[in-house]
Amino acid sequence: MKERSIDSLISRLRIRVKEQNLKNTSQRELIMAAMYKHKGHFTPEEILAFAQKEEGGKNIGIATVYRALNFFEKEGFVVSISFGADGKKYELNIKEHHDHMICTECGKIIEFESDEIEKLQEAEAAKKDFVIKDHAMQIYGICKDCQKTNKGKN
Ligand SMILES: [Zn+2]
Ligand SMILES: [Zn+2]
């Protein structure tokens, strides 16, 4: 079941923080709340900008954002999408499962869901006696807009 409200997310975050004897920082919660507000796929720099706009977020630095994102990812609060050398974008893990197409020209991310692909993955895993816990499919390519732009250049 996916959490839909920020309150349930924050309370789950507090439980995980407590279980690991970490210091409960308001900055970590603020970063999560900022991500919740903006929903989407963002770079750490973009998340930093969102967090700094929040009340009490002015002094948050990029290192704090990276630390928070690493923790969130480890705990399953966020999923990351890799852009190779360009780094990662992060998305709060609150939607139903979906996969991503990533434009390598402009960085646009297109979400998709395919029952067929999901079923094929299950079937392939079963053949290998592999139990799927999670998966992320990322398809890299060039989006519609960038295809047009490229044509214009030639
Ligand atoms: Zn593009
Ligand atoms: Zn997504």
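This report walks through the two zinc sites of a predicted model and the parts of the chain around them.

On confidence, the chain has a mean pLDDT of 90, with 95% of its residues at 70 or more. Helix H3 (residues 44-53) comes out highest, at a mean of 96, while helix H6 (residues 144-153) is lowest, at 80.

**The cysteine site**

Let's start with the zinc ion (ligand 1). Its protein donors are the SG atoms of Cys-103, Cys-106, Cys-143 and Cys-146, lying 2.3 Å from the ion. Along the chain these donors follow the spacing C-x2-C-x36-C-x2-C. Why does the arrangement count as tetrahedral? The 4 donor atoms subtend angles of 105 to 118°, and for four donors the label requires all angles to lie between 85 and 135 degrees. As for accessibility, Cys-103 is buried, at 3%, whereas Cys-106 is partly exposed, at 42%.

**The mixed site**

The zinc ion (ligand 2) has a mixed set of protein donors: NE2 of His-41, His-98 and His-100, plus OE atoms of Glu-91 (listed twice) and Glu-111, at 2.1 to 2.5 Å. The angles among its 6 donor atoms run from 54 to 167°, and the site is irregular. In sequence the donor residues are spaced H-x49-E-x6-H-x1-H-x10-E. His-41 sits in the loop between helix H2 (26-38) and H3, and Glu-111 belongs to strand E4 (residues 109-112), so this pair ties together parts 70 residues apart in sequence.

Here are the relative accessible areas for some residues in and around the two sites:

| Residue | Relative accessible area | Class |
|---|---|---|
| Cys-103 | 3% | buried |
| Cys-106 | 42% | partly exposed |
| His-41 | 15% | buried |
| Glu-111 | 28% | partly exposed |
| Ile-110 | 37% | partly exposed |

**Around strand E4**

Ile-110 is in strand E4 as well. Leaving aside residues up to four places away in sequence, Ile-110 touches Asp-99, His-100 and Met-101, and His-100 is one of the donor residues of the zinc ion (ligand 2). Ser-82 is 28 residues from Ile-110 along the chain, and their C-alpha atoms are 14 Å apart.

**The helix pair H2 and H3**

Back to the helices on either side of the His-41 loop. How do H2 and H3 cross? Their axes come within 9 Å, at an angle of roughly 105°, and the two helices are therefore roughly perpendicular. On the H2 side the contact involves Leu-30, Ile-31, Ala-34, Met-35 and His-38, and these meet Ile-47, Phe-50 and Ala-51 of H3.

Technical notes: Residues numbered from 1 in each chain as written. Chains lettered and ligands numbered in written order. Predicted model: local features only at pLDDT ≥ 70, side-chain atom pairs only at ≥ 80, totals over all residues. Heavy atoms only, no water. pLDDT = per-residue confidence, 0-100. Helix = DSSP H or I, 4+ residues; strand = E, 2+ residues; numbered from the N terminus. Donors = N, O, S within 2.8 Å, 3.2 Å for Na, K, Ca; no water. Tetrahedral: all angles 85-135°; square planar, octahedral: opposite > 155°, others 65-115°. Buried < 20%, exposed > 50% of the residue type's maximum accessible area, 1.4 Å probe, protein only. Contact = heavy atoms within 4.5 Å. Axes fitted to C-alpha atoms, helices over the stretch in contact; angles between N-to-C directions. Parallel < 35°, antiparallel > 145°, perpendicular 65-115°, else oblique.
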